[in-house]
Amino acid sequence: MAGLDSSREAAAVAWKRQRVPAVCADWQRSAAAGSFAGITMFHVLEHLPDPRAYLVAARELLAPDGRLVVQVPNAASWQFRLLGRR
C-alpha cells in the first residue's frame, strides 16, 4: 500500500501520522495503465473542475479486477443544509 497526493503537506501527514508511505505526484501522469489494484478518492471529486476526467483516468489505471472506492459529501446531510456549497 502506498499513498499519492498532489499536496506535499498531505503526503507528509500520511507518512508521519498514519505511517503510510506516500509521495507527492500527479497520479494521472505517473503510473502505467492497469497498474493499480485499488484507488480511493475520499472527498476529492467535489473539488475538481472535471470530476469525470478523474474517474476515466482512474478506470484506465485500475487492473482488470481493481476496485475504485469513492466518498463524496451527502447533499441530504444536516451539514450540507447548514453550510450549503461552502
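The exercises below go through a predicted model step by step.

Residues are numbered from 1 along each chain as its sequence is written. Because the model is predicted, local features need a pLDDT of at least 70 and side-chain atom pairs count only at pLDDT 80 or more, while totals for chains, interfaces and linings use all residues, and side-chain values rest on heavy atoms, with hydrogens and water left out.

**Exercise 1. Describe the order of the elements and the confidence in them.**

Step 1. Begin with helices (H or I, at least four residues) and strands (E, at least two), which are DSSP runs numbered from the N terminus; the protein has four helices and four strands. Read from the N terminus on, these elements follow the order β-α-β-α-β-α-β-α.

Step 2. Turn to pLDDT, the predictor's confidence in each residue, from 0 to 100. The average for the protein is 85, and 93% of the residues score at least 70.

Step 3. Look at the elements one by one: the lowest mean pLDDT, 67, belongs to helix H2 (residues 27-30), and the highest, 94, to strand E4 (residues 62-71).

**Exercise 2. Locate the two residues Arg19 and His43, and classify their exposure.**

Step 1. Arg19 lies in the loop between helix H1 (8-18) and strand E2 (22-24), and its phi is near 55°, a positive value in a residue other than glycine.

Step 2. To classify a residue, use its relative accessible area: buried means under 20%, exposed over 50%, and partly exposed in between (1.4 Å probe, protein chains only). Arg19 has a relative accessible area of 75%, so Arg19 is exposed.

Step 3. His43 is found in the loop between strand E3 (36-42) and helix H3 (51-61), and His43 too is not a glycine but has a positive phi, of about 55°. Its relative accessible area is 37%, and therefore His43 is partly exposed.

**Exercise 3. Describe the largest pocket and its lining.**

Step 1. Rolling a probe the size of a water molecule over the atoms shows where empty space is left. On a 1 Å grid over the protein atoms alone, a pocket is an open set of points where a 1.4 Å probe fits, with protein on both sides within 12 Å along at least five of seven lines, and lining residues have an atom within 4 Å of a point.

Step 2. The largest pocket holds about 860 Å³ of space. It is lined by 25 residues, of which Gly3, Leu4, Asp5, Thr40 and Met41 are the closest to its centre.

Step 3. Strand E1 (3-5), H1, E3 and H3 each supply at least two residues of this lining, and E3 gives the most, with six residues.

**Exercise 4. Follow Met41 and Trp15 through the fold.**

Step 1. Met41 lies in strand E3, and because its relative accessibility is 3%, Met41 counts as buried. The C-alpha atoms of Met41 and Val72 are separated by 8.4 Å, although the two residues are 31 residues apart along the chain.

Step 2. Trp15 is found in helix H1 and has a relative accessible area of 48%, so Trp15 is partly exposed.

Step 3. Contact means heavy atoms within 4.5 Å. Leaving aside its neighbours within four places in sequence, Trp15 is in contact with Val20, Pro21 and Ala22.

Step 4. Trp15 and Pro73 are 58 residues apart in sequence, and their C-alpha atoms are 25 Å apart in space.

Note on methods. Grid points are joined across faces, edges and corners, and a volume is the space filled by probe spheres set on the points.
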